[in-house]
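Q: Please give a close account of a single part of this fold, the sheet, together with whatever packs on it and ties it together.

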Amino acid sequence: MGFTKVSQKFVTQVTPERMFKALVLDAHNICPKLMFSSIKSIDFIEGEGEVGTIKQINFTEASPMRYVKHRIDALDKEALSCTYTFIETNAENSLLEKLEYITYDVKFEGYGRGGCICNLTSTYKAKDDIHIKEEDIELGKDRAIGMYEVLEAYLMAHPRAYT
């Protein structure tokens, strides 16, 4: 069983507080509205958003996956950080089949005049005797950046949202 760790940064023109509120605290509402072509809904399976909460992201028919579930492992509203783990999916023939889990550490920090840096570290834990290749991870990285870009565009267009 091996671990692969990937870090990426995304710079936005939106404050870290607004990005955190939208992307972490209210993702279940905002993401299906903004990414309606890929995300059908985000449902709470257990909990209400605190540590230990399990959420299920339900994808549209256009997606090769029907759903993924993730658990919130850590949440610090003052430090604007969150850790969550993907724990289940119905995906076949995908990277997720090769993994025990993926853990994401997300932190938002101020940058420049009113912007922020979104730091995302992903830790992939492979199943026995499986080696994860960088190209296997690229699609997930691109989707994460795409989600951040969509959210940033929305927040820029709606300066009073999530203040």
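A: The following account takes up the sheet of this predicted model, then the elements that lie across it, and finally the salt bridges.

The sheet is open and has seven strands in the order 1-7-6-5-4-3-2, with antiparallel pairing. Strand 1 (3–12) and strand 2 stand at its edges; each has a single partner strand, so one side of each is left without a neighbour in the sheet. On average, and with direction ignored, neighbouring strands are turned by 25° against each other.

Strand 7 (115–126) deserves particular attention. One of its pairings is with strand 1, antiparallel and made by 10 bridges; here Lys 9 stands opposite Asn 119 of strand 7. Strand 7 also pairs with strand 6 in the antiparallel sense, over 12 bridges, and in strand 7 Cys 118 is the residue opposite Phe 108. Strand 6 and strand 7 form a hairpin with three residues between the strands, where Gly 112 takes a positive phi near 65°.

Burial in strand 7 extends to 12 of its 12 residues. In a regular strand, side chains alternate between the two faces of the sheet. For strand 7, both faces are covered. One side carries the buried residues Gly 115, Ile 117, Asn 119, Thr 121, Thr 123 and Lys 125. The other side carries Cys 116, Cys 118, Leu 120, Ser 122, Tyr 124 and Ala 126, which are buried as well.

Two helices lie across strands of the sheet. Helix 1 (residues 16–25) lies across strand 1, strand 3, strand 4, strand 5, strand 6 (99–111) and strand 7, and runs at about 155° to strand 6. Helix 1 is itself mostly covered, with seven of its 10 residues buried. These are Pro 16, Arg 18, Met 19, Phe 20, Ala 22, Leu 23 and Val 24. Helix 2 (residues 27–34) lies across strand 2 and strand 3, running at about 165° to strand 2.

Further along the strand order, strand 4 and strand 5 run antiparallel and are joined by eight bridges. Within this pairing, Ile 72 has Tyr 84 of strand 5 as its bridge partner. The side chains of Lys 69 and Glu 88 also meet, in a salt bridge with an N to O distance of 3.8 Å. Lys 69 lies in strand 4 and Glu 88 in strand 5 (residues 81–89), so this pair ties together parts that are 19 residues apart in sequence. Lys 69 counts as buried, at 18% relative accessibility, since the cut-off for burial is under 20%. Glu 88, at 36%, counts as partly exposed.

The structure holds three salt bridges. Another joins the side chains of Glu 61 and Lys 40, at 3.0 Å from N to O. Glu 61 lies in the loop between strand 3 (54–59) and strand 4 (67–76), whereas Lys 40 belongs to strand 2 (residues 39–46), so the contact ties together parts 21 residues apart in sequence. Glu 61 is exposed, with a relative accessible area of 59%, and Lys 40 is partly exposed, at 46%. A further salt bridge brings together the side chains of Arg 71 and Asp 73, with 2.6 Å from N to O. Arg 71 is partly exposed at 31% relative accessibility, and Asp 73 is likewise partly exposed, with a relative accessible area of 30%.

Key: Residues are numbered from 1 along each chain as its sequence is written. This is a predicted model: local features need pLDDT of at least 70, side-chain atom pairs count only at pLDDT 80 or more; totals for chains, interfaces and linings use all residues. Side-chain values use heavy atoms; hydrogens and water are left out. A salt bridge is a side-chain nitrogen of Lys or Arg within 4 Å of a carboxyl oxygen of Asp or Glu. Helices (H or I, at least four residues) and strands (E, at least two) are DSSP runs, numbered from the N terminus. Buried means under 20% relative accessible area, exposed over 50%, partly exposed in between (1.4 Å probe, protein chains only). Two strands pair if DSSP finds at least two bridges between them. Axes are lines fitted to C-alpha atoms, for helices over the stretch in contact, and angles run from 0 to 180 degrees between N-to-C directions. Contact means heavy atoms within 4.5 Å.
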